[in-house]
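Colleague: Hi! Could you walk me through this one?
Modeller: Gladly, here it is.
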2 protein chains.
Amino acid sequence: MNSFKIALAQFSPHIGNLESNAAKMLQQANAAKEQNADIIVFPELSTVGYPAEDLLLRPSLNKRTQQAFEQLASIKDIVLVFGFVNQTEDGQRYNSAAVMKNGQVLGIYNKQNLPNYSVFDEKRYFSEGHQHLVFEYLGHKFGVLICEDVWALPTVQQLAQLNVETALVLNASPYEVGKPQHRIETMAALTKQLNINLVYCNQVGGQDDLVFDGTSFVMNNSGEVALQAPSFVEDLYIAEYDAEQKAFKTGAITPVLNTMAEIYQSLVIATRDYVQRSGFPGVILGLSGGIDSALTLAIAADAIGADKVQAVMMPYTYTAQISVEDAAEQAKNMGVTFGIAEINPIVNGFMQTLFPFFGDAPTDATEENLQARSRGTLLMALSNKFGNLVLSTGNKSELSVGYCTLYGDMVGGFAVLKDVYKTIVFELAKYRNSISETPVIPERVITRPPSAELRPDQKDQDSLPEYEVLDAILYAYIEEDMSQDDIIAKGFDAEVVKKVIRLVDLNEYKRRQGAIGPRISSRAFSRERRYPIVNGWKPGI
Amino acid sequence: MNSFKIALAQFSPHIGNLESNAAKMLQQANAAKEQNADIIVFPELSTVGYPAEDLLLRPSLNKRTQQAFEQLASIKDIVLVFGFVNQTEDGQRYNSAAVMKNGQVLGIYNKQNLPNYSVFDEKRYFSEGHQHLVFEYLGHKFGVLICEDVWALPTVQQLAQLNVETALVLNASPYEVGKPQHRIETMAALTKQLNINLVYCNQVGGQDDLVFDGTSFVMNNSGEVALQAPSFVEDLYIAEYDAEQKAFKTGAITPVLNTMAEIYQSLVIATRDYVQRSGFPGVILGLSGGIDSALTLAIAADAIGADKVQAVMMPYTYTAQISVEDAAEQAKNMGVTFGIAEINPIVNGFMQTLFPFFGDAPTDATEENLQARSRGTLLMALSNKFGNLVLSTGNKSELSVGYCTLYGDMVGGFAVLKDVYKTIVFELAKYRNSISETPVIPERVITRPPSAELRPDQKDQDSLPEYEVLDAILYAYIEEDMSQDDIIAKGFDAEVVKKVIRLVDLNEYKRRQGAIGPRISSRAFSRERRYPIVNGWKPGI
């Protein structure tokens with residue numbers, strides 16, 4: 001029995017780029033060797049990244065995977081445990097882990113539990129494995145599990161019954177609010193119950209709408225955490241097993257973040273990875289003087305640096321002077337590029353062309369949408385001309401009820417606050433102000449009653465219930481799948497509930513054409529809440 | 001042994017509206033009784049419709065299903081075989097068929113083969129059944145199968161081994177080019193091989209991006225078709241079993257359509273069902289004088305009637321006079337509302353506001369996009385003001401390579417030609433002209449070289465290869481999943497292939513924000529080709 005060191009590569013893959021992923025894995029393995037690690041564990045499907053979606057169906061995946069194996073085979077004297085797609089000769093495809101040493105594959109494990117719910121579609125791609133992988137190394141008995149496996153009690157029980165001392169768990173477990181802590185608590189109960197140590201290595205980074213927090217950890221069979229990596233950081237972490245104590249030594253333990261810090265950082269990493277991996281030199285957004293764009297701007301600047309962020313204020317007749325002032329002040333606070341582009345000539349152009357069609361039809365939301373679409377098109381023109389990505393600034397409350405203009409304020413490649421309810425937007429703005437010496441978001445932006453400023457003296461609350469009420473109804477309907485009747489029974493005004501639910505149902509078409517944005521909840525639109533657009537479901541029971 | 005009659009309800013459900021579906025099923029059952037049918041067969045999941053997606057996860061589905069059963073229980077003296085979601089007490093959910101007579105459920109069958117590939121996600125919702133359902137009625141032995149089951153040879157073999165004479169197959173089999181004929185040919189081989197009759201009842205109608213063609217049929221165990229329903233028509237069809245001949249009598253057989261008629265009708269029904277079931281009074285589209293909008297206009301008028309269609313020509317400096325003439329001529333030919341809206345004042349407004357930002361930056365695609373977005377916003381304003389749905393007119397070739405403007409010509413709720421390559425657009429236009437006495441699409445629209453008319457003397461072929469070449473490369477890459485190297489090896493110019501593939505990969509973000517549109521291929525974008533936006537996959541092998 002020996003003491004030994006295990007490295008956890010909290011790794012951020014570039015989806016589909018097996019060559020660069022393998023090169024980076026090799027670097028991490030070399031770094032681990034320098035720290036005398038005996039074993040290095042990578043996340044689930046580390047060679048291709050998670051989720052690679054239908055790239056997994058491309059015929060050359062197998063050949064590319066073999067090339068990645070050849071790249072990884074060059075490193076000696078450290079055991080690599082990494083994720084890959086295992087296409088077997090009988091035509092099956094598995095979500096697998098390889099144990100490799102000195103270029104030799106010593107064992108392969110095929111994931112047994114394939115999630116096919118929520119954001120997961122693994123049964124579209126993979127067959128289920130039916131066998132455990134157990135190996136002895138340095139006098140210690142290891143088993144291998146992949147992500148969902150460790151949440152399936154019978155699977156872990158079987159492994160424990162094989163007298164495995166330590167399970168190496170390769171993960172691509174997406175972030176949602178509170179998930180880092182939830183994982184650790186669940187696994188603490190499991191390790192104690194089954195008397196097994198866990199080395200839990202999780203992917204980190206943003207991939208389209210998914211955010212992976214990392215928060216990898218090593219846990220002893222007492223349920224005690226021996227090592228806990230920070231969330232949202234790509235790095236290598238080393239745990240040391242003490243053969244005498246029969247336990248991992250207590251090393252660096254980074255506590256999980258508080259809720260607002262956790263959400264904020266998830267949005268920062270999601271934005272950074274989307275922008276940088278799509279190859280944009282920077283971002284541009286419309287800064288309205290309101291809180292959504294203010295928070296989006298702060299996140300963008302924190303993600304990629306203020307020098308790469310351009311903010312544009314696009315006033316019209318109904319824009320309050322304080323909106324212009326607040327926008328300018330925030331841009332100055334943050335040191336981003338700022339410009340003002342009046343939309344009056346554009347709106348006038350539209351009205352001139354539309355006059356013969358509209359005649360004396362009464363003014364309605366059409367004219368409001370024209371303002372929003374003039375702004376959206378302006379942002380796109382600036383994006384087209386200078387190459388910056390447009391960030392969309394709408395929040396989940398607005399998107400839920402369609403209080404936003406398709407092709408207007410919804411334009412953009414990435415919607416930073418897409419899964420963030422308005423009440424949380426306020427909390428995040430306050431949180432962001434609390435972590436700098438001087439607040440970056442002007443106080444007035446946070447305290448003013450929200451307004452789209454699309455008609456004189458407009459307030460959001462003219463058309464919508466108070467955000468506390470709206471968000472509570474939305475949460476019950478969307479996150480909790482409650483029925484209209486049950487939500488009314490909780491004490492909300494029946495007419496308000498009916499209106500909100502009708503709006504959520506009606507606006508599926510709008511959401512379907514919106515930009516992707518980072519998922520932070522357990523019921524994000526699109527990938528996780530797949531509703532038909534043509535839909536005759538009647539609210540009620 | 002008796003002779004008997006079976007009704008096939010080629011049914012078009014309203015997704016999620018169990019109450020109205022059950023009411024319509026009851027009507028059809030009554031109509032079948034009037035024609036002395038002993039049994040009526042409905043499509044897969046007929047009570048809730050297919051695919052109901054995450055509506056299937058709503059907690060009250062079970063209660064709604066029970067209510068539908070109660071509605072259906074009122075009819076006497078005819079056996080109903082219909083599809084429903086079977087939620088069992090142990091918490092499982094099945095895709096099931098019920099056999100009901102006089103309000104009594106005589107048997108339940110749970111689908112055994114759950115497709116989870118292509119456009120299907122059934123493992124997200126359902127557990128697999130493991131038992132056959134066989135029943136005797138009128139001296140005849142029946143079995144029940146659901147859709148994918150009949151494509152799984154072992155499943156049908158087992159049923160045949162139970163001495164079943166006739167399998168009742170409930171289907172929601174989506175249309176793709178040639179699929180109606182393919183089904184019949186495959187089933188002819190199967191029935192002969194296994195000596196079993198098939199009563200194949202398929203859903204009909206459009207549901208978001210899926211089109212169901214119906215084309216239900218009855219086939220004897222000789223492989224001969226005894227009855228074949230027309231494609232794309234909702235109706236009731238009656239087959240008669242002759243106990244003496246031990247075969248279904250040859251009844252009405254509607255041959256499948258030729259390819260262009262089949263595609264055309266699929267687009268018509270998809271458009272009609274989307275527009276009507278979304279509750280729009282009519283549609284509006286931009287008519288450019290080009291072939292895509294010309295064909296879209298013809299489909300729209302055929303789908304919902306010319307009186308509900310509004311066409312708008314939106315000329316700018318680069319619009320040829322013949323484009324305006326051709327647009328006007330077609331609108332007149334078809335009898336749709338037609339208007340002209342010059343976009344010059346709008347583009348000028350944008351350029352005025354953008355001047356301080358653009359300075360002397362050279363003209364590029366930005367200015368072209370401004371024209372397209374001015375048009376898109378105009379259409380949306382007319383839609384907002386008068387309530388018509390905007391139809392998007394882009395084709396699959398353009399969408400593949402991103403030769404279209406997001407928030408510009410891509411605006412709209414339904415993209416009629418989304419899955420139709422440009423070369424097929426030409427064929428469809430000719431087909432449509434061939435079926436009216438006088439051509440509805442002016443000849444010049446078909447013969448002119450395609451142009452976006454966004455700069456002087458622009459032709460599509462300035463930026464893209466000839467459409468014959470482009471579509472062949474796209475088909476190989478998208479439909480056939482061929483690699484760049486393999487496509488080049490077929491003899492295409494290497495640089496052209498590389499450019500096309502790069503454009504397809506780059507433009508995933510654009511497609512993701514595009515409108516849904518009817519699927520007619522075996523590899524439609526989005527539901528069937530799920531690619532990540534951030535994607536490091538390198539073309540080549």
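Colleague: How many residue pairs are in polar contact between chain B and chain A?
Modeller: There are 44 such pairs, both residues at pLDDT 80 or more. A polar contact is a pair of N or O atoms within 3.5 Å; within protein, one must be able to donate a hydrogen and the other to accept it, and residues adjacent in sequence count only if both atoms are side-chain atoms.
Colleague: Which helix gives the largest share of chain B's side?
Modeller: Helix 10 of chain B (residues 365-386), with 14 residues; helices here are DSSP runs of H or I, at least four residues, and strands runs of E, at least two, numbered from the N terminus.
Colleague: Anything I should know about the model?
Modeller: This is a predicted model, where local features need pLDDT of at least 70 and side-chain atom pairs pLDDT 80 or more, while totals for chains, interfaces and linings use all residues. Residues are numbered from 1 along each chain, chains are lettered from A and ligands numbered from 1 as written, and side-chain values use heavy atoms, without hydrogens and water.
Colleague: And how many salt bridges link the chains?
Modeller: The count is 6, each a side-chain nitrogen of Lys or Arg within 4 Å of a carboxyl oxygen of Asp or Glu. One of them pairs A:Asp481 with B:Arg58, with the closest N and O atoms 3.2 Å apart.
Colleague: New topic: is A:Ser173 buried or exposed?
Modeller: A:Ser173 counts as buried because its relative accessibility is 4%; buried means under 20% relative accessible area, exposed over 50%, partly exposed in between (1.4 Å probe, protein chains only). The side chain of A:Ser173 also makes a polar contact of 2.9 Å with that of A:Arg183.
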